Amino acid sequence: MTSTSSADIRVRLIQPADNPHIAYVIRQVSAEFGLTADKGFTIADPNLDQLCELYRQPNSAYWVIELDGKIMGGGGVAPLQGSEADVCELQKMYFMPELRGLGVAKALALRAMDHARKLGFKRCYLETTASLTRAVRLYEHLGFQHIDGPMGNTGHVDCEVTMLRSL
């Protein structure tokens with residue numbers, strides 16, 4: 001097994017040329033975990049191939065993670081649609097196996113929440129599925145609390161894990 005040093009990893013805001021690469025990552029990771037479009041997971045998002053444009057909207061941001069110059073993951077934050085103005089949503093956190101276990105997801109989530117806090121958001125919401133046990137544990141570790149049901153209008157009907165954290 002080879003190890004990866006942090007010098008090989010680069011985090012940066014998404015650019016238009018990144019769209020097909022991060023869409024590929026999201027589709028691959030979704031397939032790996034059985035997150036199918038018919039169940040309303042991110043893979044069904046009509047904007048999946050235009051994430052740069054989506055996250056250029058006000059109060060939104062998306063970062064890609066490069067490993068040796070290749071996009072291998074990403075995540076972002078945006079206002080939670082259909083909710084109070086002080087609530088953002090941590091969104092589209094997907095990482096190829098090569099990035100897992102390196103602390104990249106934690107660092108990116110913290111970056112996104114810090115960005116959201118600077119934009120004036122007071123709370124951060126997320127949805128996921130219980131089968132993503134490592135993700136759920138990470139979010140719990142980051143201070144997210146399980147809540148009784150969904151907030152806003154995300155359209156992710158099969159994301160049975162709903163969590164909220166104060167910023």
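1. Contact here means heavy atoms within 4.5 Å. With that in hand, welcome to this predicted model. A good place to start is Ile22: leaving aside its neighbours within four places in sequence, Ile22 is in contact with Ile14, Leu51, Tyr62, Val64, Ile71, Gly73 and Gly74.

2. Next, the core around that residue. The largest nonpolar core has 45 residues, and Ile22, Leu90 and Phe144 are the ones that touch the most other members. Helix α3, residues 104-118, gives the most to this core, contributing seven residues. Another core, of five residues, lies apart from it, and its members include Leu80, Val87, Tyr125 and Leu164. As general background, nonpolar side chains in soluble globular proteins tend to be buried together.

3. Now please look at Arg165, which sits in strand β7 (residues 161-166). Which side chain of opposite charge is nearest to Arg165? That is Asp114, but at 8.9 Å away, and Arg165 is buried with no salt bridge. A salt bridge needs a side-chain nitrogen of Lys or Arg within 4 Å of a carboxyl oxygen of Asp or Glu, so the distance to Asp114 falls outside the cut-off.

4. What does the side chain of Arg165 reach instead? It comes to 2.5 Å from the backbone oxygen of Leu142. Setting aside residues within four places in sequence, the contacts of Arg165 include Leu142, Gly143 and Phe144, as well as Met113, Arg117, Lys122, Arg123 and Cys124. Phe144 is a name you have met already, as one of the residues touching the most other members of the largest nonpolar core.

5. Lys122, one of the contacts of Arg165, is worth a stop of its own. You will find Lys122 in the loop between α3 and β5 (123-128). Is Lys122 buried or exposed? Its relative accessible area is 53%, and exposed means over 50%, so Lys122 counts as exposed. Not counting residues up to four places away in sequence, Lys122 touches Asp86, Arg165, Ser166 and Leu167. Lys122 and Cys88 are 34 residues apart along the chain, yet their C-alpha atoms are separated by 8.0 Å.

6. Finally, the cysteines. How many disulfides does the structure hold? The count is zero. Cys88 is in no disulfide, with the nearest cysteine sulfur, that of Cys124, 3.7 Å away. A disulfide calls for two cysteine sulfur atoms within 2.5 Å, so this pair does not qualify. Cys88 has 0% relative accessibility and counts as buried, because buried means under 20%. Cys52 is buried too, at 1% relative accessibility.

Key:
Residues are numbered from 1 along each chain as its sequence is written. This is a predicted model: local features need pLDDT of at least 70, side-chain atom pairs count only at pLDDT 80 or more; totals for chains, interfaces and linings use all residues. Side-chain values use heavy atoms; hydrogens and water are left out. Helices (H or I, at least four residues) and strands (E, at least two) are DSSP runs, numbered from the N terminus. Buried means under 20% relative accessible area, exposed over 50%, partly exposed in between (1.4 Å probe, protein chains only). Lys and Arg count as positive and Asp and Glu as negative; His and the chain ends are not counted. A polar contact is a pair of N or O atoms within 3.5 Å; within protein, one must be able to donate a hydrogen and the other to accept it, and residues adjacent in sequence count only if both atoms are side-chain atoms. A nonpolar core is a set of buried Ala, Val, Leu, Ile, Met, Phe, Trp, Tyr and Cys residues joined through side-chain atoms within 4.5 Å.
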